[in-house]
Amino acid sequence: MMKIAVTYEDGKVFQHFGHSEKFKVYETEDGKVVSSEVADTNGSGHGALADFLAEKAVKVLICGGIGQGARQALAQAGIELYPGVSGDADQAVLAYLNGSLSYDPDTVCSHHEHHEHDGECAGGNCCH
């Protein structure tokens, strides 16, 4: 049995880990999803989110953008990270399970740089 979490909003992979209000947590066994639930973070912020996932025994996190501090917290909690994912959350988990998940290990979120932009983000890594 392995648990996979996805940053979650309206059925999609939510694009800013540190602002995630919900995660969809999937229990998997033998490469198949056996159950899932949407878990509310109750307002937990960046650092607390890694603890939140660790308490739920999550081993893999699929997300959009994520900052360096959160990456470190997840690594310390022993959670494998698959950032830079967008689209349908359920499909992302199925793709992970069958080895075809498209993700970008270098995706980062610089939430300290709040800037105005006209729908364009440097390197395509906008996570607001």
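**Exercise 1. Work out how much accessible surface the protein has and what share belongs to carbon and sulfur atoms.**

Step 1: the accessible surface adds up to about 7,000 Å², by the Shrake-Rupley method with a 1.4 Å probe, where for residues only the protein chains shown count as cover.
Step 2: carbon and sulfur atoms hold 44% of that area.
Step 3: 38% of the 128 residues count as buried (buried is under 20% relative accessible area, exposed over 50%, partly exposed in between; 1.4 Å probe, protein chains only).

A word on the model: it is predicted, with local features needing pLDDT of at least 70 and side-chain atom pairs counting only at pLDDT 80 or more, while totals for chains, interfaces and linings use all residues. Residues are numbered from 1 along each chain as its sequence is written, and side-chain values use heavy atoms, leaving out hydrogens and water.

**Exercise 2. Lay out the elements from the N terminus on.**

Step 1: count three helices and six strands (DSSP runs numbered from the N terminus: helices are H or I, at least four residues; strands are E, at least two).
Step 2: read off the order, β-β-β-β-α-β-α-β-α.
Step 3: take the contacts (heavy atoms within 4.5 Å) between residues at least 6 apart in sequence; 51% of them join residues at least 24 apart.

**Exercise 3. Find the two salt bridges and place their partners.**

Step 1: look for a side-chain nitrogen of Lys or Arg within 4 Å of a carboxyl oxygen of Asp or Glu. Side chains of opposite charge can pair when their charged atoms come close.
Step 2: E27 and K3 qualify at 3.8 Å, N to O. E27 sits in strand β3 (residues 22-29) and K3 in strand β1 (residues 2-9), 24 residues apart. E27 is partly exposed at 25%.
Step 3: K24 and D90 give the other hit, at 2.9 Å, N to O. This pair ties strand β3, home of K24, to D90 in helix α3 (residues 89-97), 66 residues away. K24 is buried at 11% relative accessibility, whereas D90 is partly exposed at 31%.

**Exercise 4. Search the whole structure for aromatic pairs.**

Step 1: pair up Phe, Tyr and Trp rings (for Trp, the six-membered one) with centres within 6.5 Å; planes under 30 degrees apart are stacked, over 60 edge-to-face, the rest tilted.
Step 2: the search turns up four pairs. One of them is Y82 with Y96, edge-to-face at 5.1 Å centre to centre and 65° between the planes. Y82 belongs to strand β6 (residues 80-82) and Y96 to helix α3, 14 residues apart.
Step 3: check burial. Y82 is buried at 14%, and Y96 is buried at 17%.
Step 4: F17, F23 and F52 form one aromatic cluster.
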